[in-house]
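Colleague: Before I set anything up with this model, I would like to go through its ligand site, its sheet and its charged pairs with you. Could you put the sequence and structure up first?

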Amino acid sequence: AACAPGGTPTPDPTPPDTRPEGTFTDRWTLQEALQMPADAEKTAQTTMPLITSWPQGSQKTLPDQWVWDTWPLKTEDMQIATVRAADGTPYYVLIHLSVDDSVLPGARHDLATLRYSYSTDGRSWQPGGYLFPEGVVLGSRNWAGSALLKADGGVEVYYTATGERNEGPVQGPSSVLEHQQVGDVQGALTADGQLVPQSGSGFPNEGGIGFEQRIVLADGVKAEVVNGRVVFSGTWKHRVILRADGTLYQTVAQSDAGPLYGFRDPWAFRDPADGKRYVLFTGNMGGLKSQQTCQPEDLGDAAFRAGLGALNAEMPLHNGAVGLAVETAPGAWKLLNPLLTARCVNQELERPHLVMKGGKVYLFFSSHIGKFAPYGDLRDRGEEGLYGFVGDSLRGDYTPLNRGGLVLNTPLTQRYQSYSYDVLPGGLTTLFVDVPGIGNQDISVVSTLPPEQQRAVFGGTLGKTLKIDISGSSTTLVSELNYGQIIP
Ligand code: FRU
């Protein structure tokens, strides 16, 4: 309640509608984000250990492949799922964005394909091959998502279909599949792994490759253990369940300026509070990007706003959102208002996901240094990190964790060493080794290196899992576990 002059509390005329389908959207304000520690203030509470070496060759998560965004098969209630062999042995499953490691690391997003691996201990992983070895895979490439093992044994994979065309059958298996999946790329993959798009096709901001993103659900299969191997039996059926609508969520056509938009990274779960099925995703605020402006509620309270310096015109080009959709009837999904937006703060709130603990909802996502809005030292405070918030309910009035929302940051001497964090129940947090090999240089140096050097500085494999303690409105990094470990 607001306080009238004289101190009498006046009731808030319109209490915010914080039901999941309600209109309230929390903001990661500029005022909050500037609370993140400056470099000199970063401590062991959030700073990840330096990555000095990482698995190579056959020791990588997938030999012969680059692997980056990864997620485990889960139950609908957000726990890690196991597929049982006939003798009762539990098997864990991981799904990976992957590409043949002959491809240059920078071209991987343009060729990403889903592969999986399985494990009986949640630590050492066996390659399972392509997740969708045949049938219709939507998009010219597939980006991040999530996967559920339902009570009846059925598997649902939610993923991002990026790029157009190639929405017919894909012939596989072999690395040829990946090259065929570059359906909308008018160009060629060179012998040294560089993708050379032809200009004049696709989305103009992105040099000839289509970047439209749709959220797809693939189901129709069961997971089984056959001869010590997890397999998916049945035929995958893929369909687009969510598209950006232009009002709540920006479309590719509305992304007319600034960095690329997002409508991706679906993370499916059932909310224990109401038993409904939801999907969280990476989005941007609807409307033409070039016409958005910083609003008071994006920035902070009146006192903070009064002290603000000049606002850079590029700030509102950063309008990231954590999106929400609900299943309204079996197979029917509806977009809801964003849970959180970050206009004039950050462009990309990637791979949003939840952990429920102590009656609270913890919301986590990853973001990059360069995706923070240009204001003061905001980009120096921001890192290739994990960010988090705590609320009382799904559409909570979220409070940033720690200082300003920073949960994990890379070491200051090696800022691009890891990315794409996934906090699992119990606080185990997976990540992939990104480009530790450039030390303290800016990420832009990578593309200037000769091809073999580009491969040498890149990890493309799961890093050592980190454990964070989550309590109240703070987190603490407590330990480092094995590469790709998902079970304590
Ligand atoms: C995070 C990310 C995801 C996306 C994928 C594309 O690392 O940007 O948001 O799904 O990578 O490769």
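Modeller: What follows is a set of questions and answers on this model, which is a predicted one.

Colleague: Which residues are around the ligand, and how many of them are charged?

Modeller: The residues around the ligand are Trp68, Asp69, Leu97, His109, Trp143, Ala144, Arg264, Asp265, Glu350, Tyr419 and Ser420. Sorted by class, this shell has 5 nonpolar and 2 polar residues, and the number of charged residues is 4.

Colleague: Which residue offers a polar backbone atom to an oxygen atom of the ligand, and how much of the ligand's area does the protein bury?

Modeller: Two side chains should be set apart before the backbone is considered: a polar side-chain atom of His109 lies 2.6 Å from an oxygen atom of the ligand, and an N or O atom in the side chain of Glu350 is likewise 2.6 Å from a ligand oxygen atom. The backbone contact is at 3.0 Å from an oxygen atom of the ligand, and the residue that provides the polar atom is Ala144. As for the area, the ligand taken alone exposes 320 Å², and the part of this that the protein buries is 94%.

Colleague: Which elements give two or more residues to the shell around the ligand?

Modeller: The elements that meet this condition are strands, and they come from separate stretches of the chain, including residues 65-74 and residues 418-423. Named in full, they are strand E4 (65-74), strand E9 (141-149), strand E15 (264-270) and strand E24 (418-423).

Colleague: In what order do the strands of the open sheet that holds E15 run, and which are its edge strands?

Modeller: This open sheet is formed by 5 strands with mixed pairing, in the order E3-E18-E17-E16-E15. At one end E3 pairs in the parallel sense with strand E18 (residues 332-343) over 2 bridges, and Asp26 has Leu340 of E18 as its bridge partner. At the other end E15 and E16 pair in the antiparallel sense over 5 bridges. Each edge strand pairs on one side only, and the two are strand E3 (26-27) and E15.

Colleague: What residue in E16 does Arg264 stand opposite, and which residue in the turn between E15 and E16 has a positive phi?

Modeller: Arg264 is one of the residues around the ligand, and its opposite number in E16 is Thr282. E15 and E16 form a hairpin with 6 residues between them, and the turn residue with a positive phi, of about 75°, is Gly275.

Colleague: Why is E16 described as largely enclosed, and which of its residues point the same way as Arg277?

Modeller: E16 is largely enclosed by the rest of the structure because 8 of its 8 residues are buried. In a regular strand the side chains alternate between the two faces of the sheet. In E16, Tyr278, Leu280, Thr282 and Asn284 point one way; the residues that point the other way with Arg277 are Val279, Phe281 and Gly283.

Colleague: How many bridges join E16 to E17, and what is the bridge partner of Leu280 in E17?

Modeller: E16 and E17 run antiparallel, and the number of bridges that join them is 7. Within this pairing, the partner of Leu280 in E17 is Leu324.

Colleague: With which residue does Glu327 form a salt bridge, and are the two side chains buried or exposed?

Modeller: Glu327 pairs with Arg277, the closest N and O atoms being 2.7 Å apart. The pair links distant parts of the chain, with Glu327 in strand E17 (residues 319-329) and Arg277 in strand E16 (residues 277-284), 50 residues apart. Both belong to a network of salt bridges that also links Glu76, Lys150, Glu156 and Arg270. Since the cut-off for burial is under 20% relative accessible area, Glu327 at 19% and Arg277 at 7% both count as buried.

Colleague: By about how much of a helix are Glu452 and Arg455 separated, and which of the two is exposed?

Modeller: Glu452 and Arg455 form a salt bridge in which the closest N and O atoms are 2.7 Å apart. Being 3 residues apart in helix H6 (residues 451-457), the two are separated by about one helical turn. Arg455 is buried, with a relative accessible area of 12%, whereas the exposed partner, at 55%, is Glu452.

Technical notes:
Residues numbered from 1 in each chain as written. Predicted model: local features only at pLDDT ≥ 70, side-chain atom pairs only at ≥ 80, totals over all residues. Heavy atoms only, no water. Near = heavy atom within 4 Å. Polar contact = N/O pair within 3.5 Å; in protein donor to acceptor, adjacent residues only side chain to side chain. Areas by Shrake-Rupley, 256 points an atom, 1.4 Å probe, with all protein chains shown as cover. Helix = DSSP H or I, 4+ residues; strand = E, 2+ residues; numbered from the N terminus. Nonpolar A, V, L, I, M, F, W, Y, C, P; charged D, E, K, R; others polar. Pairing = 2+ DSSP bridges. Salt bridge = Lys/Arg side-chain N within 4 Å of Asp/Glu carboxyl O. Buried < 20%, exposed > 50% of the residue type's maximum accessible area, 1.4 Å probe, protein only.
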